[in-house]
Structure formats: C-alpha cells, structure tokens
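Work through the exercises below with the coordinates open. Each task is followed by a solution in steps.

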Amino acid sequence: MGFNCGIVGLPNVGKSTLFNALTQSQAAEAANFPFTTIEPNVGRVAVPDDRLDAIGDIVKPQRVVPTQLEFVDIAGLVKGASKGEGLGNQFLGQIREVDAICHVLRCFDEGGVAHVTGAPDPVGDADTVTTELMLADMESLSRRSEALAKKIRGGDKAAVELKLAEQALSLLEEGKPARLLEASADDAKVFKGLGLLTAKPVLYVLNVDEDSAADGNDLSAKAAAMAEAEGAGAVVISARIEDEVAQLSDPGERVEFLETLGLAETGLDRVIAAGTRLLDLITYFTANEKEAHAWTLPSGATALDAAGQIHTDFARGFICAETIFYDDFVGLGGEQAAKDAGKMRQEGRDYKIRDGDVLLFRFNV
C-alpha cells in the first residue's frame, strides 16, 4: 500500500489511545507518563467504502478486500526536540519517514492525566510541536544550502534544488511551514526530495472528553479555528470513546452505543476519510468471481501505475486497461451489462485513473 500517516503530538494527548482504537489492538501501551511509546507502532486500517460493498453485491466474489491506510504511532515530542531534548532526534527521524502528519491535540481537562505544561492548551501545544519541526527543517536546509552552493554549475540540477531550499528557508524564517511553498509540477519531485518535516500535509485530531464528542468544546473550537487559518484539516473525536467502540465486536452494538452518545459514525471513520483526502488519494477497483478489491493511488496516477501496483507483470506487458465508471458498473449491474451497453472503454498506459474506476488489465508477457 505504501501510504501512511504519523500520529504525533505532545506526551499524554491521547496518541496511543487513538492508535489502539484505529487498529483495534492494544499494540501501543497507553499509560499516564511521557515516552510510553519508544519505538513506533505501525498498524493498517481498512478504509470504509460503500462502493466496494456495492460491487461485491453484484459480483459475489469469494472475498472482498478493502484498501488500507497505515498509521504510525510516534512517541511524544517535547520542547527542544530539534536539539535532542527528550527522544527528539529519534522521533524527528520517524516523522521524516511518513507521508502525512496526524497531529493529536489535547482538548480535554482531566486532573488524573498529567499535561507536560500544566494545563491543556491545544493551540500552544500545536505551536510547540510545529516550532520543533520548523527548527529541524531550518537546520537541515542551512546545511544543504551550503553544500549545494558549492556544487552549482551552469544549468546544474543542484541550482533548482538550491532555489527551492532557499525559498523554503525563507518561509520558515517567517514562521510559516514549508508546505506553503508553491512548487511547479517539474520542481515538485525535487522539493519532495528535500525531506522537509513541515512540507508534509497535516490533519489535526482534536481529542475531547466523552461529553463533547458530538459537538466539541471551547478548546476544540480554538484549535479548529487555528487549523482553518493554516489551511489544515481538523477532526473532533474522543479517543476514549473510540477505544471503547473498538472493543465491541458486534456491529449492532457499536451503532447502538454511538446512538446513545448522539454520534452518527465513529470519529475514526472521519479520521480515516480525512487521512485519505489529506494524502490526495483516489480509489479504483478490480472485481471478478475470486476477489473484489479496492486499490489506492495518488491523484493523477496513470493506468500503468495502477497495473504495476497489482503486479509487475501487468505493467511490463501492459496492453490496455478495460475501464468502466463505477456508476455505470453498479447502475447497469456489472461488467457484462456495462460492456453490452457500450460503457466499457479501452484505455492506454497514460490514462489518468479516475476515482471509482473499475478496471480490468490486459497484458502479455
């Protein structure tokens, strides 16, 4: 699958509780003291998609395989992490490896759960973590810029990298994250190669008390306003409630439990959906009598990319992708009916996959 979100935040904001609920496991020990999580925990979660269920109802395959999103539970950052405070350097390295950041902010006040600064302050907490990431990026860019300046020759590729490094550094010095840099399509890969922590997309998860799970509270409202001002996403959840829901194996019991709390769906479903949007992912489907499968790729991916994701032979011997729009597949009742109605198309390797496409690859090796 290859797409993951790193769960970050200060100690004791609910990161490990959220991770446990997301993965419906107790792989991460949730305890009331900093640095419980010393090595990153990794878990994959199914992405709910009613379209896959509808395709499965038509095809009636032996099994249905949803697409998945990976979450990495990273231990709590503290002020000074960029200088090695706490377990800073190790944690910053772990953040560098993920595709996006799921930043948990504590929006509840509970005397039994210690807060590293004394009292919950989600906006201040966000600033603490963001500042450490920005400082780490500034140090990295300063070193890189010096090295690149020595390499530059006329038309040298290093010139492009140096230009982007200097633009990103300028943003950071203004107190703005590197993700606000507008790189051209040609420069985007070079910019990504800089490996900047603040270039990663961010989703703020606003962890509230149980009584505030439906509508949020004053703390989450302030955090949501901050996220909106940054152009970042925000989801209100109660990690404790989500952990309780995860322990219920019966779907009916889950629905009933959520209804008693005034919730139409779990916060985790919203986090997963927001994480998918955050990574700008699209989903396509393959379906036959053996398996109905959902697959995820970045927006803009081609038919050749999709073929290679399933099997290298599909890409190596690519002939075409027989393609049906989801609405046609379901509305007409499946592949043969769509083909008879002239709704199946043969697309080449450069075809840009659309979200919801149902694909059958023809190849020869």
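**Exercise 1: Two positive phi values**

Task: classify Lys60 as buried or exposed, then place Lys60 in the chain and do likewise for Asn12.

Solution. Lys60 has a relative accessibility of 63%, so Lys60 counts as exposed; the classes are buried under 20% relative accessible area, exposed over 50% and partly exposed in between, with a 1.4 Å probe and protein chains only. The model is predicted: local features need pLDDT of at least 70, side-chain atom pairs count only at pLDDT 80 or more, and totals for chains, interfaces and linings use all residues. Residues are numbered from 1 along each chain as its sequence is written, and side-chain values use heavy atoms, with hydrogens and water left out.

Next, Lys60 lies in the loop between helix H2 (50–59) and strand S3 (63–65). Helices (H or I, at least four residues) and strands (E, at least two) are DSSP runs, numbered from the N terminus. The phi of Lys60 is near 55°, a positive value in a residue other than glycine.

Asn12, which is not a glycine either, has a positive phi of about 65°. Asn12 is in the loop between S1 and H1, and at 13% relative accessibility Asn12 counts as buried.

**Exercise 2: The six-stranded sheet**

Task: state the strand order of the open sheet, then describe the helices on it.

Solution. The order is S2-S4-S1-S5-S6-S7, with mixed pairing; two strands pair if DSSP finds at least two bridges between them. Strand S2 (41–46) and strand S7 (233–237) are the edges, each pairing on one side only. On average, neighbouring strands of this sheet are turned by 25° against each other, direction ignored. Axes are lines fitted to C-alpha atoms, for helices over the stretch in contact, and angles run from 0 to 180 degrees between N-to-C directions.

Helix H1 (residues 15–23) packs on the sheet and touches S1, S2, S4, strand S5 (100–106), strand S6 (202–207) and S7, where contact means heavy atoms within 4.5 Å. The direction of H1 makes about 40° with that of S2. Helix H7 (residues 218–230) lies across S5, S6 and S7 and runs at about 175° to S6.

Within the sheet, strand S1 (residues 4–8) and strand S4 (residues 68–73) pair in the parallel sense over four bridges. Ile7 stands opposite Asp73 in S4.

**Exercise 3: Aromatic rings**

Task: how many aromatic pairs are there, and which residues form a cluster?

Solution. Rings of Phe, Tyr and Trp (its six-membered ring) pair if their centres lie within 6.5 Å; planes under 30 degrees apart count as stacked, over 60 as edge-to-face and the rest as tilted. By this rule there are five aromatic pairs. The pair of Phe314 and Phe361 is tilted, because the ring centres are 6.2 Å apart and the planes stand at 50°. Phe314 lies in helix H12 (residues 312–316) and Phe361 in strand S12 (residues 358–363), so the pair ties together parts that are 47 residues apart in sequence. Phe361, at 8% relative accessibility, counts as buried. Ring pairs link Phe314, Phe318, Phe361 and Phe363 into a cluster.

**Exercise 4: Charges over a ring**

Task: which ring does the charged end of Arg345 sit over?

Solution. A charge sits over a ring if NZ of Lys or CZ of Arg is within 6 Å of the ring centre and within 35 degrees of the ring normal. The charged end of Arg345 sits over the ring of Phe325, 4.1 Å from its centre. Arg354 also lies over the face of Phe325, at 4.0 Å from the ring centre.
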